[in-house]
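Student: Hi, could we go through this structure together? I'd like to start with what counts as a contact.

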Amino acid sequence: MNKAIFTEAKETNYGIIDKTGKVVIPCQWKDTYSFSEGLAVVEDANDKYGFIDKTGKVVIPCQWKGAWGFSEGLASVKDANGKRGYIDKTGKVVIPCQWKGVDNFSEGLAGVVDANGKWGFIDKTGKVVIPCQWKDANSFREGQARVKDADGKWHKIDKTGKVVE
C-alpha cells in the first residue's frame, strides 16, 4: 500500500492507497508510514504517534512522541521525555522507555544506546546481553553484528558479545 495525499485548505492529510490507486484508508492523518507485521504507524494532528491495522482501525492509540514499525513482534516508541523502549501489538510496554536510542529487533536482539551514547544489545525481555560499550553497531545477521570500537575500527561480534572477526 502507498500513501494517498489529499490537500485541503492549508493542511495536508495522508491516507493509504492500494496498488490500484484505490483509497483504502481515508486521508485523515498528519502522516502515515509503511505497514510492518500488519500494522502501520500514523501521526495525528497533535503530533502523537500510534498504530492502525489494514482496515484503518486504530489498534494502538496515538500517545507516543515517536513510533517505529514492528519487528519480531515489538515496535520501538519514544515517550514524552525522549526515551525509547518497546511495545507489543496490543500497545503494552514490554521494555520500558529508558534508552537514548534503539534499533529494530533482529535474531532476538536489538541494539540500544545508553545515556553515554554507547551501543549494546538487549533481548526481548529488556535484559542487556551485550554491554553498551561500542561507538556504533549494526543489527545481527546470521548470528553476527558489526560494531565499531572507540578507535573507529569495525569488528564482528557473536550473540555473546565475543569479537569473532
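Tutor: Sure! Contact here means heavy atoms within 4.5 Å. Keep in mind that this is a predicted model.

Student: Good. Which residues is Ile87 in contact with, leaving aside its neighbours within four places in sequence?

Tutor: Ile87 is in contact with Phe51, Ile60, Trp64, Phe70, Gly73, Leu74, Ala75, Val77, Lys92, Val93 and Val94. For Ala75, which is twelve residues away along the chain, the C-alpha separation from Ile87 is 5.5 Å.

Student: Is Ile87 buried or exposed?

Tutor: Buried: Ile87 has a relative accessible area of 0%.

Student: And where does Ile87 sit?

Tutor: Ile87 belongs to strand β10, which covers residues 84-87. Its bridge partner in β11 is Val93, a residue that also appears among the contacts of Ile87.

Student: How many bridges join β10 and β11?

Tutor: Three bridges, with the two strands paired in the antiparallel sense.

Student: What's the strand order in that sheet?

Tutor: The order is β8-β9-β10-β11, in an open sheet of four strands with antiparallel pairing. The edges are taken by β8 (66-71) and β11 (93-99). Each edge strand has a single partner, so one side of each is left without a neighbour in the sheet. On average, neighbouring strands here are turned by 20 degrees against each other, direction ignored.

Student: Switching topic: how many disulfides are there?

Tutor: Zero, from a search of the whole structure.

Student: Why is Cys62 not bonded to Cys97?

Tutor: Because their sulfurs are too far apart for a bond: Cys97 holds the closest cysteine sulfur to that of Cys62, and the separation is 16 Å. A disulfide would need the two sulfur atoms within 2.5 Å. Looking from the other end, Cys97 is in no disulfide either, and its nearest cysteine sulfur is that of Cys62.

Student: Okay, Gly126 next. Where is it found?

Tutor: Gly126 is in the loop between β14 (119-122) and β15 (128-134). Gly126 is buried, at a relative accessible area of 17%, because the cut-off for buried is under 20%. Its C-alpha is 8.8 Å from that of Tyr86, although the two residues are 40 apart in sequence.

Student: Last one: what does the confidence look like, and where does pLDDT stay under 50?

Tutor: The protein chain averages a pLDDT of 93, with 93% of the residues scoring at least 70. The stretch under 50 is residues 6-10, for which the model has five contacts beyond four places in sequence. Where pLDDT is low, the predicted coordinates should not be read in detail.

How values were computed:
Residues are numbered from 1 along each chain as its sequence is written. This is a predicted model: local features need pLDDT of at least 70, side-chain atom pairs count only at pLDDT 80 or more; totals for chains, interfaces and linings use all residues. Side-chain values use heavy atoms; hydrogens and water are left out. pLDDT is the predictor's confidence in each residue, from 0 to 100. Two strands pair if DSSP finds at least two bridges between them. Axes are lines fitted to C-alpha atoms, for helices over the stretch in contact, and angles run from 0 to 180 degrees between N-to-C directions. Buried means under 20% relative accessible area, exposed over 50%, partly exposed in between (1.4 Å probe, protein chains only).
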